[in-house]
Amino acid sequence: MDKFDCIIIGAGPAGVSAALTIARKGLTVTVFERGEYPGSKNLFGGVLYSTVLNKLIPEFYNEAPVERHITKRRYSILSKNSEMAVEFDFEDFNHPPFNNSFTVLRAKFDRWFAQKAEEAGAVIFTETVVDDFIYDNGKVAGVRARREGGDVYADVVICAEGANSLLTERAGLKKKPLPHQMITAVKEVVSLPKEVIEDRFNLSNNEGMALEFFGEAVKGMIGSGFIYTNKDSLSVGVGCPISVMKEKNMKPNDLLESFKSHPVVKKLLRGGKTEEISAKMIPELGYGNLPRLTADGLLIVGDAGGFVNPSLYREGTNMAMYSGMMAAETILEAKEKGDFSERGLQGYVKKLEDSFVMEDLERYGDVPEKLSEMPQLFKEYPEAILKLAKGYFTVSDLSKEDMHRQAWNRFKDKVSMWKFLLDMYKARKAVL
Ligand SMILES: Cc1cc2nc3c(=O)[nH]c(=O)nc-3n(C[C@H](O)[C@H](O)[C@H](O)COP(=O)(O)OP(=O)(O)OC[C@H]3O[C@@H](n4cnc5c(N)ncnc54)[C@H](O)[C@@H]3O)c2cc1C
């Protein structure tokens, strides 16, 4: 075919949601994916948030390769050899749609999702890198793909290239992100027998658990560590802003090793076998620094657009899918009007603004910046709080009142109470 209705760059959640929506309406759509197969180059934590997917493919969880649905969440602060944690267990999340949160392994999930788009009529070329856009009178008219006959044309192009968005930058829609605006994350898949995982994390059937660790988990830096339970493996990882890693002269793999060797984490991983390790970036651009999302003949979706909620919710997949779906709907409208100019595609931005995507980015987009102004939250406070707790629980001949007084005095020596309470208030506002 000489010309498609739409070309999509990248077969991640954003690109495939767009391809599926467009193909179902009978338009011609082709996706170029650089990986050997969709998902082969992808990794995430991860919990797939699926309100959008459940609209695209109702009850997808009955057929998709999901690992476990999340019923338990645990947030934990580590000091050198202690832990303070809060754990939530929701029996209600055991029923469809399972609170729309599932652990998945991207190599399996993305492949399945891409097949759904192919079944709807999308054509996916794998092992094909797109090197650039082709312009006609200033309008994007196609892409230059690294394969034979690589110049391919379309009415409109969707760029779903993910966090490392070189093409979006080259098109002049986005500035190169600064080191504090990108998280570098490294993740390991650790295999363990299903029964061991269920015993160790107190899970039954396909229940799953998401564990987030702060403080010493990432050497007291801004960032976190995580463990997510899959069927017969654990996803284990750490992530911190590139700027902080550079400042502390820390390498991602060393940070992961340090996390895994923390006494609390070590117990959870014991007996596990490393299956794979990979690294990737997460954009945390801030609401005010989002890229321009449209140009003549071009739309930007998913991580390339900076659509990741950086708060405790850590939601990227749902936003990626929603933006892909909205880009597709905008293209269907533009097709009817025959107008693929930037003005003709503006409906996309409006749809995002009227949705949870922009609302959440506006509410949480600046969380990383706010937290970076309070480094004490990640080191000084966790250590002081855990020492305070230790003072309360250490058995001695002192009266309980004397024990408590001593513990509080030690705490107040390290931490100004007013500043602590103010910081806690600011932190709660920032992350919840
Ligand atoms: C360590 C980590 C943990 C995360 N945890 C979570 C989590 O728990 N929950 C959550 O919701 N989100 C999480 N995220 C974020 C989530 O993974 C992303 O928001 C989501 O994958 C974005 O989807 P996307 O389709 O925009 O991009 P991607 O999934 O990155 O897909 C982009 C695709 O484009 C392809 N591509 C790139 N450039 C080209 C090119 N030039 N030519 C052809 N193909 C190209 C890539 O190979 C890739 O397949 C995490 C991310 C990381 C890195």
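This passage describes how the ligand sits in the protein and then turns to helix H13. The model is predicted.

A good place to begin is the shell around the ligand, which is made up of 37 residues. The closest of these are Glu33, Arg106, Lys280, Asp303 and Thr317. Sorted by class, the shell holds 18 nonpolar residues, alongside ten polar and nine charged ones. Four secondary-structure elements each contribute at least two residues to it: helix H1 (13–24), strand E3 (47–49), strand E15 (273–283) and helix H9 (317–337). Of the shell residues, three come from E15, and this is the largest share. At the level of domains, the shell draws on both domain 1 (3–65 + 105–177 + 288–369) and domain 2 (180–283), so the ligand lies between them.

Polar contacts add detail to this picture. Two arginines reach oxygen atoms of the ligand through polar side-chain atoms: for Arg34 the separation is 3.1 Å, and for Arg106 it is 2.7 Å. The backbone takes part as well, with a polar backbone atom of Val47 placed 2.7 Å from a nitrogen atom of the ligand. Taken alone, the ligand would expose 1000 Å², and the protein buries 96% of that area.

Turning to helix H13, this element covers residues 380–393. Its 14 residues should span 20 Å at 1.5 Å a residue, and the end C-alpha atoms are indeed 20 Å apart, so the expected and modelled values agree. Within H13, the buried residues are Tyr381, Pro382, Ala384, Ile385, Leu386, Leu388 and Gly391.

How values were computed: Residues numbered from 1 in each chain as written. Predicted model: local features only at pLDDT ≥ 70, side-chain atom pairs only at ≥ 80, totals over all residues. Heavy atoms only, no water. Near = heavy atom within 4 Å. Polar contact = N/O pair within 3.5 Å; in protein donor to acceptor, adjacent residues only side chain to side chain. Areas by Shrake-Rupley, 256 points an atom, 1.4 Å probe, with all protein chains shown as cover. Nonpolar A, V, L, I, M, F, W, Y, C, P; charged D, E, K, R; others polar. Domains from an automatic or database assignment. Expected span 1.5 Å × (residues − 1). Buried < 20%, exposed > 50% of the residue type's maximum accessible area, 1.4 Å probe, protein only.
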